[in-house]
Amino acid sequence: MRLVAKALRNWPARAWLAVGGVATSSLLVIALVAALRGASHSVVAYVSQDGADLWITPPGADHFLRLSGVLPAVLADSVRSLPGVAAADVILRAFVAVSSRRRGARFRLTLYGIGYRAPDGLGGPPAFAAGRAPSKLREVALDRAAARRLGVGLDDTVFVNGRGARVVGLTTGTNLLVTQFIFADATAIAALSGFAGRASFIIVRLAPGAHSDTVAAQIGGRFPDVGVFDRATFVANSQREAGAGYVPVLAFVDILGVGAAAVLVALLIHTLVESRRAELAVLLALGATPGMLAGGLIREATRLVVTGGVLGAGLARLLAVVLDRVYPVIPLRVDWGDTLWVLALFIACGTLASAIPVARLGRVDPLEAFRA
Amino acid sequence: MTVLLLEGVSKTRGTGAHATRALRDASLSVASGEVVLLEGASGAGKTTLLAVAAGLVTPDAGRVVLAGRSLGDLSPAARRRHRARVVGFVFQRSNLLERLTAWENVLLMAQLAGRTAAEARGETEKVFAQLDIVHLAPRRPEELSGGEEQRVGVARALVHGPALVLADEPTGNLDGAAGRVVAEALAACSRLRGAAVLVATHDARLAPFATRKVPIVDGRLDFPPSDEQ
């Protein structure tokens, strides 16, 4: 009954405080999930780029992140000669120290150095925000978030493992949250990292009409000590690996966020029941059923949770846009599916939490209506 | 026609050392068109008697017949439905619902009594006109004076055309003029609608509007009347 529900509404100031609390909690949860998705997206954007049909890895490695083995760089020449292979390029991945000097201060970051056959070999930057790919040994393309943290832009100089290089490109989709990518020619990265003649991966582009399973089997048969993965499998494995480090922490914080919102709603409805006992007693005396009152209170709880949740989701989207423009260091990728999932979770928890104070309705005596 | 009949009703409130016999073998009959004042000091049992009459409290002994139905024979849900249809309440502090306007407070009562939306609107308009409080309709309780609140409270008690109006100290918090207006509104309940009105009070200003006075002392209604009465 609409008027019963209206009679049980909180006063606006109190309601907006609760909405603000729920909105903050949902913003926290959605932003955390979006951060994970943003980092994961960067891995996917790089690994799934055009032309990377097969990935050859050192023994035991089945993903792009966190591996320590290497391959002989000459393996690329052998692979290139196999039927069905259009191109095979070396990728050398090594952590590098990148620093800059700005207004007398020195900034330093440890970045994912990606050495590839610059400027147009396989495994280069997936997308540019500005500039171009490096074409000389002393040129680099840098993730734009890393560039911001280092305080550099196009044509500025950065020091990679102590050696100066000019920034010629700013890349996007290359931010893993905890670190970012820097691209340079493989020869330069090899010289800087001491991995001359080595490769972290070999990327294979298939010839038109060639089938990935056939070529992968061929490579596996010829070089039994290496791993060979098609693009979809390598993407999935890399995503799994990217999430493995974050998911437990994010899940823990998300549970705390949802729990905080649920407790807030329960507290609010509890306060509503306790502070409006006289009105509840009047409603009971006038003939309202306990079911009507419970329905009104749960409706109020749902209203607050939905309003707060939707507000939080909107703020998360706004935050993602603002961060992308102002502070791209934190890559938020807000997904509709994640948002709906979080909202559903908030509504379920908020509604369940309101059941506890609603159960206390049984303690309201209609006779309280007569007590002045 | 008898609207309310109490026969040998007793009720003890509380338990153990805190038990109080609020009503003792109380019998009372109120007919439609009557305005009966239940007069007694605080703690005499007035409120308990109203609550028993409305079916809000089940007596330990005795029988309550309300608008032709014995409340003891009804399930709690049926008793609640019967109460919503045939009883109107006027409380000491009006007890209007603060989030609703005066109009919505009265409309809600009509809806709880089972009226359709159109019927509820029509009856609400009618009672606001009868009590000359149309101008109060859009205001919230906090925007009303004590007397205005109580007049809206009377409208809420009357809107669904109840057979019995139960009023608990309806003028207790009001000054002289406001109290008189509310007393007249209560008298109008029986005059305009033919309702039986049972008023628990110790306010002498209500006496001129009563058709009968019933004293209550220590939960008993059957003690000999004094000279004054």
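**Helix crossing, sheet, core and unusual backbone**

Modeller: In this predicted model, helix H9 of chain A makes a right-handed crossing as it passes H10(A).

Biologist: How are H9(A) and H10(A) oriented to each other, roughly parallel or roughly antiparallel?

Modeller: The axes of H9(A), residues 290-326, and H10(A), residues 336-359, come within 9 Å and cross at roughly 150°. Angles over 145 degrees count as roughly antiparallel. The orientation of H9(A) and H10(A) is therefore roughly antiparallel.

Biologist: Which residues in H10(A) are met by H9(A)?

Modeller: On the side of H9(A), the residues taking part include A:Ala294, A:Leu297, A:Ala301, A:Val305, A:Gly309 and A:Ala313. Their counterparts in H10(A) are A:Thr339, A:Leu343, A:Phe346, A:Ile347, A:Gly350, A:Thr351, A:Ser354 and A:Val358.

Biologist: In what order do the five strands of the open sheet in chain B lie?

Modeller: Strands of a sheet pair through backbone hydrogen bonds, either parallel or antiparallel. In this open sheet of chain B, the pairing is parallel and the five strands follow the order E6-E7-E8-E3-E9. Strand E6 (87-90) and strand E9 (212-215) of chain B each pair on one side only, so the edge strands are E6 and E9, consistent with the order E6-E7-E8-E3-E9.

Biologist: Which residue is the bridge partner of B:Ala167 in E8(B)?

Modeller: Strand E7 of chain B (residues 164-168) runs parallel to strand E8 of chain B (residues 196-201), and five bridges join them. Within E8(B), the bridge partner of B:Ala167 is B:Val199.

Biologist: At about what angle to E8(B) does helix H6 of chain B run?

Modeller: Helix H6 of chain B, residues 176-193, lies across four strands of chain B, namely E3 (35-39), E6, E7 and E8. With respect to E8(B), the helix H6 of chain B runs at about 155°.

Biologist: Which residues touch the most other members of the largest nonpolar core?

Modeller: The largest nonpolar core holds 196 residues, and helix H2 of chain A, residues 12-47, gives the most to this core, with 18 residues. For B:Leu164, leaving aside its neighbours within four places in sequence, the contacts include B:Val3, B:Leu66, B:Val86, B:Ala195 and B:Leu198. The residues that touch the most other members are A:Val265, B:Leu164 and B:Leu198.

Biologist: Which helix gives the most to the side of chain B that touches chain A?

Modeller: The contact takes 24 residues from chain B and 18 residues from chain A. On the side of chain B that touches chain A, helix H1 (46-54), helix H2 (76-86) and helix H3 (102-112) of chain B each supply at least two residues. With six residues, the helix that gives the most to that side is H3(B).

Biologist: Where does A:Asn161 lie, and is A:Asn161 partly exposed or buried?

Modeller: Most residues other than glycine have a negative phi, and most peptide bonds are trans. Phi of A:Asn161, however, is near 50°, a positive value. This residue is placed in the loop between strand E7 (157-160) and strand E8 (163-171) of chain A. Because it has 18 other C-beta atoms within 10 Å, A:Asn161 counts as partly exposed.

Biologist: Which peptide bond is cis, and what is its omega?

Modeller: A:Pro119 lies in the loop between strand E4 (105-116) and strand E5 (128-131) of chain A. The cis peptide bond joins A:Ala118 and A:Pro119, and omega is about 5°.

Definitions and conventions:
Residues are numbered from 1 along each chain as its sequence is written. Chains are lettered from A and ligands numbered from 1 in the order in which they are written. This is a predicted model: local features need pLDDT of at least 70, side-chain atom pairs count only at pLDDT 80 or more; totals for chains, interfaces and linings use all residues. A residue is buried if 20 or more other C-beta atoms lie within 10 Å of its own, exposed if 12 or fewer, and partly exposed in between; C-beta atoms are placed from the backbone. Two strands pair if DSSP finds at least two bridges between them. Two residues are in contact if their C-beta atoms, placed from the backbone, lie within 7 Å. Axes are lines fitted to C-alpha atoms, for helices over the stretch in contact, and angles run from 0 to 180 degrees between N-to-C directions. A nonpolar core is a set of buried Ala, Val, Leu, Ile, Met, Phe, Trp, Tyr and Cys residues joined through C-beta atoms within 7 Å. Angles under 35 degrees count as roughly parallel, over 145 as roughly antiparallel, 65 to 115 as roughly perpendicular and the rest as oblique. A crossing is left-handed if the near helix is turned anticlockwise from the far one by less than a right angle, and right-handed if clockwise.
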